[in-house]
Structures are given as C-alpha cells and as structure tokens.
Amino acid sequence: MPPGTRARARAETTRAILDEARRQLAEQGAAALSLRSVAREVGMVSSAVYRYVASRDELLTRLIIEAYDAVGECAEAARDPEAPPRDQWRAVWRAVRSWGLEHPAEYALIYGSPVPGYAAPAETIPAAGRVGLLLAAIVAEHGEAPTDDEESDGVLLDGLLPGVAPPLVLPAIAAWTQLFGTVGFELFGQYENVVVDRAAFLDAVADTAASSVGLPPS
C-alpha cells in the first residue's frame, strides 16, 4: 500500500474510532467508555485498536481536545472584532451556549464531573484556554479598569492574562467561570422552576459580567 494511501486509511480508522467513542459517550457517559467496546462497534478486534489509540486515557484526551477546540472555534467564529465590545462579548457567550446545547455529552466531558481514574495531561491546556483567552482579548482591547480598585495580589497566578489591566484580571476570570457555570446549570437541569427564559438569562448574566470587566455600555 502506498504511503499516502496508508496514511489516509489510518486517518479514516482513527476517525471511526473517535466517532464511535463520541457516540458511546453520549449514550453511556465518560466513565463507562472502554476501548474494547469501541473496537467491537467499529468491527475491530480489541488488540488491533491499540495501534490507533494506546489506552482509554489517550482516547479520552483526544475527545477532550477535540471538544475544547470545537467550542473554541465556535466562539471565535461568532466574534466580530468590528462590532461594539458588548456585542462581541455577548456573541461569544451565546456561541458557547449554542454549542453546549448541541453537544451536551461533550460539554459534560470537559466541564462536568471528572472522569474517575483519569487526569487530563498538559496537552489539553491550549485547547482548554481558547474561550477564556478570547474573552480576555475583548477585555484587553476594550475594558476600562476602575482607578480606585486594588489588584488581587496572591489570589491568582502572576502574569495571568497578559494585556489585561491588572484590576480586571480577577473579574475576567470570574466572568469565564460564570459563562461555563451558567451554561452548565442549564444543561444539567439546575434552572428548572427558576429560570424561564434561559437565553435571556444568559444575556443578562453576560451583561453583568461585561460591566465587571469594564466594557463600555452598548
């Protein structure tokens, strides 16, 4: 088999494995995911699957990175740098919510309960930070720091969010957690009998967070 054909075949098999793993993730949850089950469903003997994915943890890592990249790409595509700052901010929040509603199992994988026995490696960090850095970029470009606020020394790592005014770093991190917490609460049923219009509620939380990071009113 020519090298190019072999590479394509390997890529197709790897994609089939990841697609089946994602399907099982949606049906059974991350804790129940197993390479043996995935191999069986894609028509492979269990020993053969290890030529493509070395372990369950590697499979989870690939799914996690793909999920982080997917929500990051969605958020980045939604932002129009030419729009007013609050419109950019709100567009990112709405994009994350839309992605979460369309991919609840993947959202739960990256923002829900930790998978027993699994520790995410450092290679997941760049993808995991995409939405947070996107929000930080909006704050760095448009946020106005209050002159009477003190920096939160010792609360956060030094040098976090370069380009963001020091007094705005903590509220920017808080806004990042509010975004994913708000979407997660909706997906995991925490707003039943509390929030009637979830889209409007997200916009309201986003606007409050925008004020906390000094974005000018629309």
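**R22, the core and the largest pocket**

Reader: In this predicted model, which residues is R22 in contact with, leaving aside its neighbours within four places in sequence?

Author: R22 has its place in helix α1, residues 3–28. Leaving aside neighbours within four places in sequence, the residues in contact with R22 are R15, L63, E66 and E106.

Reader: With which side chain does the side chain of R22 make a polar contact?

Author: E106 is among the residues in contact with R22. At 3.5 Å, the polar contact joins the side chain of R22 to the side chain of E106.

Reader: Does R22 count as buried or exposed?

Author: The cut-off for buried is under 20% relative accessible area. R22 has 18% relative accessibility, so R22 counts as buried.

Reader: Which helix gives the most to the largest nonpolar core?

Author: The largest nonpolar core has 58 residues, and L59, W89, W93, V96, L109 and V131 touch the most other members. With 9 residues, the helix that gives the most to this core is α4.

Reader: Which residues does V96 touch, not counting those up to four places away in sequence?

Author: V96 is one of the residues that touch the most other members of the largest nonpolar core. Not counting residues up to four places away in sequence, V96 touches V71, A75, Y107, V131, L179, F180 and V183.

Reader: How many residues in the lining of the largest pocket are charged?

Author: The largest pocket has a volume of about 640 Å³. Its lining has 26 residues, with Y68, I125, A128, G129 and W176 nearest the centre. Of the lining residues, 21 are nonpolar and 5 polar, and the number charged is none.

Notes: Residues numbered from 1 in each chain as written. Predicted model: local features only at pLDDT ≥ 70, side-chain atom pairs only at ≥ 80, totals over all residues. Heavy atoms only, no water. Helix = DSSP H or I, 4+ residues; strand = E, 2+ residues; numbered from the N terminus. Buried < 20%, exposed > 50% of the residue type's maximum accessible area, 1.4 Å probe, protein only. Polar contact = N/O pair within 3.5 Å; in protein donor to acceptor, adjacent residues only side chain to side chain. Contact = heavy atoms within 4.5 Å. Core = buried A, V, L, I, M, F, W, Y, C linked by side-chain atoms within 4.5 Å. 1 Å grid on protein atoms, 1.4 Å probe; cavity = no way out; pocket = protein on both sides within 12 Å on 5 of 7 lines; lining within 4 Å. Points joined across faces, edges and corners; volume = space filled by probe spheres on them. Nonpolar A, V, L, I, M, F, W, Y, C, P; charged D, E, K, R; others polar.
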